[in-house]
Amino acid sequence: MKVAFLIGALGLTSFAHGWILTPQRAKCLFKKGLRKGFEKGVRTGFEKGLQTGATGALIVGTATVAGTALVINDRLNNRPTPYEPNPGSVTGQVIVITGGTSGLGIESAKRLAAAGATVVITSRNTDSGEKAVRIIKSYIYGEGGTDVSGVYKAFLDLDDLSSVRAFPDALKEIGIDRIDVLLNNAGVMAIPDRQLTVDGNERTFQSNHLGHFMLTSVLFPLFNREKTSVINVSSDALNFASSANGKGLDIENLNGEKKYTPWGSYGLSKLANQLFTKELQLRADEAGASWLTAVALHPGVVSTDLWKNIVGEDRWRDIQESPFEALATMATTLVGKTAPEGASTQVFLAAGADGNLQKGAFYDDLKEKNLPEFAKDDAMSRALWEKSEELSGVTFSFLGADTESENIMAEPVVDAEQVVDGEIIESKPEEGSTNDEVE
């Protein structure tokens, strides 16, 4: 019954950056899982009872159900402790977190700010940004802190490259002229249909990879030349990209030109995060920019509000306001991590990994993790880099430790037929599509 229940639980709420079932399939499995689990327990007991008597049937059947209840109770009451940096350990550092208004983003911001960092969270909605800042400040006070002056918000819409290009100016307006850590956390997941941004790119690809690629470039001049970390939130879902074509990244299908599937696109974007990390570190090393460290990570199977990307804003709001939400949250914790637990690895890395942050590494559960060969492909990471420069209109220039990136905005190439057919959608100032989501 344990397995059946856990399979059913997978579909109850969203899982950011991890393996997930479609809502329809999950709903079916949940009902069948519960039914079959109980039926199997009772049936097993009954069959045993045919051999040992009616009493045996009752005991064995009941024991199966009771045993499962104990497993569930143990799982709910023995959770991993979220990683928290030591107080003052990141004092003086400036950390920019994309998608910082909810989910993994705000959990990261809270703990890093409480440990002394100046934190800038990005949002696409003023109200959500202000609310998140209040939550972070309240967390600092709750942890015994008194200085909340280092918590900021700044507007950023990764679905609009003109917004990304303007982001350095937004930072300067709030007095930020240096960055020690860039945590590329925001993202979308498994959008049901193929949507294009105002720049003509498939939305998942731009939100999760291309926007962050360009952001890293335009922020390059602000990176601390003594020490800077770029942390990209990837996922084990990068394996979806290999499953789709049997070879890894399909450079000819970055925008779903040949074929679009929700999970195929998501997996492709997560693989792109990893390959970008690898190539960024390689180019920095070759240029002698020893001050730069780039890493990627898998946060785990995490329960966040990215489910809204699949079921839609209205349906997700209904779920949150219904009694089902409590059941869904409980079931999710049986098979995955809570947002505070899921944020642990990226908080650990942003805080310096206890002084042992490894250049170009991929992390999972606070440890380095080896990846399949397609996720370390030199030729593919180079091809993705070049294509990303083409699509974003920016180029990195690694001419030395003090060089700045060249930011040449290219006009987006948009097919007139796409506009006529209504495929081009303008980004809306909503928080639902990011990982603020992811978050």
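Select helix α4, residues 103–114, and helix α5, residues 126–142. Their axes come within 9 Å and cross at roughly 40°. At that angle α4 and α5 are therefore oblique to each other. The crossing of the two is right-handed. Keep in mind that this is a predicted model.

Now show the side chains where α4 and α5 touch. From α4, pick Ile106, Ala109, Lys110, Arg111, Ala113 and Ala114. From α5, pick Ala132, Ile135, Ile136, Tyr139 and Ile140. Colour them by class. Nine of these contact residues are nonpolar, two are charged and none is polar.

**The sheet**

Next, turn to the strands. Eight of them form an open sheet with mixed pairing. Step across in the order β4-β3-β2-β5-β6-β7-β9-β10. General background helps here: strands of a sheet pair through backbone hydrogen bonds, either parallel or antiparallel.

Which strands are the edges? They are β4, residues 151–155, and β10, residues 367–368. Each of these two pairs on one side only.

Stay at the β4 edge and select β3, residues 118–123. Strands β3 and β4 run parallel and are joined by five bridges. Click on valine 119, then look across to β4: valine 151 stands opposite.

Bring α4 back into view. Besides meeting α5, helix α4 packs on the sheet. It touches β2 (94–97), β3, β4 and β5 (181–184). The direction of α4 makes about 170° with that of β2.

**A second helix pair**

Move on to helix α7, residues 203–219. Helix α7 lies across β5 and β6, the latter being residues 228–233. It runs at about 165° to β5.

Add helix α15, residues 378–392. How far apart are the axes of α7 and α15? They are 10 Å apart, and the two helices pack at an angle of about 90°. So α7 and α15 are roughly perpendicular to each other, whereas α4 and α5 are oblique.

Show the side chains of this contact too. On the α7 side are Phe205, His209, Leu210, Phe213 and Met214. They meet Leu384, Trp385, Ser388, Glu389, Leu391 and Ser392 in α15. By class, the contact of α7 with α15 has seven nonpolar residues, three polar and one charged.

**Stops in the loops**

A general point first: most residues other than glycine have a negative phi. The next two stops have a positive one.

Select alanine 190, in the loop between β5 and α7. Its phi is positive, about 50°, although it is not a glycine. Is alanine 190 buried or exposed? Its relative accessibility is 3%, so it counts as buried.

Then go to alanine 353, in the loop between α14 (344–350) and β9 (362–364). Phi of alanine 353 is also positive, near 55°. Alanine 353 is buried as well, with a relative accessible area of 5%.

For the last stop, select threonine 338. Find it in the loop between α12 (324–335) and α13 (339–342). At 24% relative accessibility, threonine 338 counts as partly exposed, because the buried class is kept for values under 20%.

Now add proline 82. How many residues lie between the two positions, counted along the chain? Threonine 338 and proline 82 are 256 residues apart along the chain. Turn on a distance label between their C-alpha atoms: the separation is 9.4 Å.

Definitions and conventions. Residues are numbered from 1 along each chain as its sequence is written. This is a predicted model: local features need pLDDT of at least 70, side-chain atom pairs count only at pLDDT 80 or more; totals for chains, interfaces and linings use all residues. Side-chain values use heavy atoms; hydrogens and water are left out. Two strands pair if DSSP finds at least two bridges between them. Helices (H or I, at least four residues) and strands (E, at least two) are DSSP runs, numbered from the N terminus. Contact means heavy atoms within 4.5 Å. Axes are lines fitted to C-alpha atoms, for helices over the stretch in contact, and angles run from 0 to 180 degrees between N-to-C directions. Angles under 35 degrees count as roughly parallel, over 145 as roughly antiparallel, 65 to 115 as roughly perpendicular and the rest as oblique. A crossing is left-handed if the near helix is turned anticlockwise from the far one by less than a right angle, and right-handed if clockwise. Ala, Val, Leu, Ile, Met, Phe, Trp, Tyr, Cys and Pro count as nonpolar, Asp, Glu, Lys and Arg as charged, and the others, Gly among them, as polar. Buried means under 20% relative accessible area, exposed over 50%, partly exposed in between (1.4 Å probe, protein chains only).
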